[in-house]
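Hi,

Here is the structure I promised to pass on. Have a look at it first, and then read my notes underneath.

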Amino acid sequence: MSLKLHIDHLTSPNTRLLQGWQFDVAAGEITTLMGPSGCGKSSLLLAITGLLPDDFSWQGRVWLNQREITTLPTHQRRVGLMFQHDALFAHMNVHDNLLYATPAAPMSERKASVRRALADVELSEAITLFPDQLSGGQRTRIALMRALLARPEALLLDEPFSALDAHLRERVRARVFAMIRQARIPALLVTHDPQDIASPERVLHWPKAATDTTEPHV
Amino acid sequence: MVEALRGLTSPARLTPAALVTGLVLLLTTGITLGVLVGPWLVWLDTAPSLKHFAQQPTLRPLALSLWTAGASTALAAWATNLILARTMHTPRHHGWLASALGWALATPHLAFALALGWLIAPTGWLWRVISQSTDWPQQPLDWTITHDPFGFTLIAVLFFKELPFLLWVGLAEWQRPDQQLSWHRQWSAAQTWGYSPWRAWKLAVAPDLWTRLRWPTVAVWAYGMGVVDVAMAIGPTTRPTAAVQAWRWINDANPDIQHSGFVLSLWLSGLVAGGAFVMARAPWRALSLVPLAQAPQRHKPVSWWWMKAIAKAPASVAALYVVLLALSAILSLSLWWPFPQVWPSSWSTRAWATVAQSADVVVTTLSLAVLSTATSMLMMAAWFEAAPKRWFSLTHAWALAWLICPPLMWLWGVYQLALMVNLQGTWSAVFIGHVLAVLPYVVLTLGPTYASFDDRYTQAAATLGHGYWSQRWQVKWPMMAGPLWRAAAIGFAVSVAQYLPTQWLGGGRIATLTTEALSQSSGGQRNISAAWALAQWVLPMLVFVWSTRRAKRHNPKPTLSKQTGLNSSV
């Protein structure tokens, strides 16, 4: 499994954010994409998932496992996205949040997979709780588990640890990375915190200038 | 439609979505322009005589309208400012206040006006209690209290009915966490500079509050200027307000007199627009009786007694609503209740039997309210789902402009359009009138919710593999259940309370609880009138309770106090 990107350009309402850039992410690999705030990292993730706002424009192509997904609707792309804000549904408890992500199958199987997932992240006792009853670390783990339960073929992470306290951050990060590697899917992590780097050998730096067309530092 | 809306999740399908957006926009704009331009076309076409209008004394009705609407609006805005200032110290009261306001908003103006009349009329319950407990003469007062020539009772009704609306708007702003934090910081900062709490409020919060209350206050003003049913029920009768006078003329068989009604409603619209302009330009100081605190005055002690009294207004107003509801219920079950007895001598369900015999009226009211609310909700939900968020403020402005336009004015246009397509006097024409009356309230209730909805929730649902409708049915709409059901309850209440659209477009042939309550109020049988008024009151209240429960069912979150102490190490 791999995620391959070929970007011609990515433009915000006022600025050209990116031009002529390509890279790929292999299965089980967590590639860290670094850049200053506001450079367009999150917009790139939205472009990959097909969620880019109307006032942005982008030209490029996305392949997932040699299958081009550029023109597919978001829900058919099989690309998971974890937001900076965990986006857990406030009206659903933990069980229902996770159940919503499970693919179509007999209900008993779906419920069993939810229970297994919660046991994996040591949060079985949180099954009936609502998002606002969870700590920041718990919410991040549940959000990641929800993204993985949908069985995505690639996972994008948009600064998922930025809301956590420093002492929590390291522990949650280690656990999340372990879960992604276990799932054996390509993952692209966007961050501006060097401590978030998952694999030091695989770091992409955002081109410095909007018109910078040089190859990324790998 | 389904495909069109789905198209929003995919740029490739944006064209059908744009088509739906365009259609909704065209429909609402068409109706708006139609009802505003229609009367002028008819006017130019028929070129009626202005002789009748020129002979009529129209200055007094217009002055009376200005006085009643102006005084009630100023009082309501001023009291809202004071109550919000006072409750800033005690945010724990806001939950209670918010739920009480919902009940008050669901109360039809007419039912409230009739019940207030039964309380304070010369033979009303208040004077009965005073007469029995004091040495007051054991005979009815010889005062004109309801239908008083200066409209004091009308002002009281409008004040008590509009205060909850303005408080509701103000509280909605206050309950936004970001707004609350910002106001509280500014208010606290001003106090650290030496200002008293009240002066700090005036200096730091009131100006910003007024910018948010300005247009709802204009809507209150426009309602007071254009109201007909309440003014007929409790306002001056021999020399009525301009809206009532215009309505009487419009109902005349003589075309010249009918056109006098149109000209008077034009004058009314002009005054509403003038008042709206003044309020739009008015500084926030207009809300306050005390001049703005200047630096040298900052340590000047402020008398709080009168402010404390005003701050208790929500409880007093809530108590008044309860008393009026109970009084209507007792009156509807009374058979013989001579003055000065505090309680009826004999009881009967005869009045309710009369209502039950007219079950078709209840069915008509229900069908109009349910269908007009559902239509408005569907139209506006389709609009808010399809339109870009940057257009929402435009929709908000449209709704406010609609509320500011006096019903006499736009109904004239709708009536002319109904005549053209031969729909006048039918249920369908009344239905269209109700939809137009309900639409702006649905926009004002739903708009802010749609504007503030965080799209990342539906985006997250999409990345989990769910399509457009699953995102809406399982994520977005359940998360918005509270505002959606609240909009439905308000829309229902607005439709039930409609008098002019029902009477005018229905040609007097379509009877609802409101038209019956008003027609019975001029009869001699108070118990029957009370039964109709109570039915008009209870129906929206039942819907309000039901919708609140539905909203809670969609959001079964336990309160923070019920949270369990789960290990939250990671």
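A:H95, A:L98 and A:L99 in α3(A) meet a set of residues in α4(A), namely A:R110, A:K111, A:V114 and A:A117. Sorted by class, this contact has four nonpolar residues, two charged ones and one polar one. Before going further, please keep in mind that this is a predicted model.

As for the geometry, α3 covers residues 94-101 of chain A and α4 covers residues 107-120 of chain A, and the two helices pack at an angle of about 120° with their axes 9 Å apart. Angles of 65 to 115 degrees would count as roughly perpendicular and those over 145 as roughly antiparallel, so α3(A) and α4(A) come out as oblique to each other. The crossing of α3(A) past α4(A) is right-handed.

Next, a few backbone oddities you may want to click on. Two residues that are not glycine have a positive phi: A:A87, where phi is near 60°, and B:N422, where phi is also near 60°. A:A87 is in the loop between β6 (79-82) and α3 of chain A, while B:N422 is in the loop that runs between α19 (407-420) and α20 (427-452) of chain B.

Buried or exposed, then, for A:A87? There are 26 other C-beta atoms within 10 Å of A:A87, and 20 or more is enough to be called buried, so A:A87 is buried. B:N422 has 9 C-beta neighbours inside 10 Å, and because the cut-off for exposed is 12 or fewer, B:N422 counts as exposed.

There is also a cis peptide bond in chain B, joining B:F339 and B:P340, with omega at about 10°. The proline, B:P340, lies in the loop between β1 (334-336) and β2 (346-347) of chain B.

Last, the place where the chains touch. Chain A puts 33 residues into the contact and chain B puts in 26. On the chain B side, the elements giving two or more residues are α21 (456-463) and α22 (468-479). Which of the elements gives the most to that side? It is α21(B), with six residues. By class, the chain B side has twelve nonpolar and twelve polar residues, along with two charged ones.

If you open just a few places, I'd start with the packing of α3(A) against α4(A), then go to the cis bond between B:F339 and B:P340, and finish with α21(B) on the side of chain B that touches chain A.

Cheers

How values were computed: Residues numbered from 1 in each chain as written. Chains lettered and ligands numbered in written order. Predicted model: local features only at pLDDT ≥ 70, side-chain atom pairs only at ≥ 80, totals over all residues. Axes fitted to C-alpha atoms, helices over the stretch in contact; angles between N-to-C directions. Helix = DSSP H or I, 4+ residues; strand = E, 2+ residues; numbered from the N terminus. Parallel < 35°, antiparallel > 145°, perpendicular 65-115°, else oblique. Left-handed = near helix turned anticlockwise from the far one by under 90°. Contact = placed C-beta atoms within 7 Å. Nonpolar A, V, L, I, M, F, W, Y, C, P; charged D, E, K, R; others polar.
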